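Me: I'm new to this and would like a close look at just one part. Which residues surround the ligand, and what are their neighbours up to?

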Amino acid sequence: MIILYHYVPVANGGKVLIALHEKGIAFESRWVDLHKFEQHEPDYLKINPEGQVPTLVDDGQAITQTSVINEYLEDAYPDAPKLRPDQPLEIARMRQWNKYIDDQVMQAVSIHGWQVNAGAIARAHSDEDFGRLVARIPLEQQRIKWRTAREGFPQEKLDEATRQVEEAVARVEEALANGPWLLGEFYSLCDINFFAYCGGALERMFPAIGNRETCPRVMDWVERMNARPGVARAMAIRAPEAA
Ligand SMILES: N[C@@H](CCC(=O)N[C@@H](CS)C(=O)NCC(=O)O)C(=O)O
């Protein structure tokens with residue numbers, strides 16, 4: 001049995017939720033509320049010692065890191081619809097996209113997400129409470145990120161992140177000339193990856209970049225993504241009490 005520990009269906013959580021729904025793999029959802037810092041609770045740290053979501057637990061074994069999780073699903077559930085091509089060269093192309101998206105695009109979009117969302121969560125706590133919550137975070141880089149989000153990221157860092165998003169969207173716009181998907185005819189994990197971290201939120205977070213004038217092919221691709229039943233089902237997931 002699969003259990004997925006996750007938060008809202010965007011970014012890292014959205015990426016695995018979409019893959020599971022696209023593949024039609026049954027799973028149990030366990031909500032980890034980042035607003036309540038539940039990802040750093042001792043019980044959750046036993047499942048994922050890095051204190052991050054999502055974590056997929058299959059038959060009692062925990063798997064972390066979204067791109068690893070999504071490729072695990074390809075290997076462990078070969079009868080489910082495939083989201084990874086068969087040919088070695090195509091697989092390499094998919095992984096090149098995934099590496100670029102994970103290492104650069106996710107980081108760039110995430111700074112803006114942290115500035116707005118994590119910043120608000122962090123500022124809702126008193127200095128004392130916040131200090132206590134941050135002390136429980138296992139990863140030093142995450143402790144730094146939470147503290148920075150509370151104070152606000154430097155403008156140069158935000159501007160550089162925006163430039164990287166612009167560059168990524170231009171790269172995807174160019175690749176989609178041979179669409180409809182990033183690898184051409186084959187819909188794959190790199191479409192899901194770019195959508196979860198950037199494409200799905202592009203119009204809302206970066207309206208000056210994500211619009212029909214600057215990137216018409218990307219905007220059409222976002223529509224195609226949203227029209228997929230697996231994507232729609234994943235995006236509709238809400239906290240248990242709000243469902
Ligand atoms: N590289 C990790 C990143 C996971 C990650 O950054 N998760 C975020 C949620 S979108 C998180 O848990 N943030 C809360 C925290 O770090 O305290 C992956 O791909 O799974």
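Reply: One bit of vocabulary before we dive in: a helix here is a DSSP run of H or I with at least four residues, a strand is a run of E with at least two, and both are numbered from the N terminus. For example, Pro180 sits in the loop between α7 and α8. Also keep in mind that you're looking at a predicted model.

Now to your ligand. Around it you'll find Ala11, Asn12, Gly13, Leu34, Gln39, Gly51, Gln52, Val53, Thr64, Gln65, Thr66 and Gln142. Sort them by class and you get nine polar residues, three nonpolar ones and no charged ones. Helix α1, residues 11-23, makes the largest contribution to this shell, with three residues.

Some of these shell residues have backbones worth a look. Take Ala11, which belongs to helix α1. Its phi is near 45 degrees, a positive value in a residue that isn't glycine. Ala11 has 21 other C-beta atoms within 10 Å, and therefore it counts as buried, since the cut-off is 20 or more. Gln65 isn't a glycine either, yet its phi is positive too, about 75 degrees. You'll spot Gln65 in the loop between β4 (61-63) and α3. Gln65 has 16 C-beta neighbours inside 10 Å, so it is partly exposed. Then there's Val53, whose peptide bond to Pro54 is cis, with omega near 5 degrees. Pro54 itself is in the loop between α2 (42-47) and β3 (55-58).

Let's follow α1 outward from here. Two packed helices are described by the distance between their axes and the angle between them. The axes of α1 and α3 (residues 66-76) come within 9 Å and cross at roughly 10 degrees. Angles under 35 degrees count as roughly parallel, which is why α1 gets that label relative to α3. On the α1 side of the contact are Asn12, Lys15, Val16, Ala19, Leu20 and Lys23, and they meet Thr66, Ile69, Asn70 and Leu73 of α3. By class, this contact has five nonpolar, three polar and two charged residues. Notice that Asn12 and Thr66 take part here and also belong to the ligand's surroundings.

One last step out: the largest nonpolar core has 51 residues. Both α1 and α3 are among the elements that each supply at least two of its residues, while α4 gives the most, with eight.

Key: Residues numbered from 1 in each chain as written. Predicted model: local features only at pLDDT ≥ 70, side-chain atom pairs only at ≥ 80, totals over all residues. Near = placed C-beta within 6 Å. Nonpolar A, V, L, I, M, F, W, Y, C, P; charged D, E, K, R; others polar. Axes fitted to C-alpha atoms, helices over the stretch in contact; angles between N-to-C directions. Parallel < 35°, antiparallel > 145°, perpendicular 65-115°, else oblique. Contact = placed C-beta atoms within 7 Å. Core = buried A, V, L, I, M, F, W, Y, C linked by C-beta atoms within 7 Å. Buried ≥ 20, exposed ≤ 12 C-beta atoms within 10 Å, placed from the backbone.
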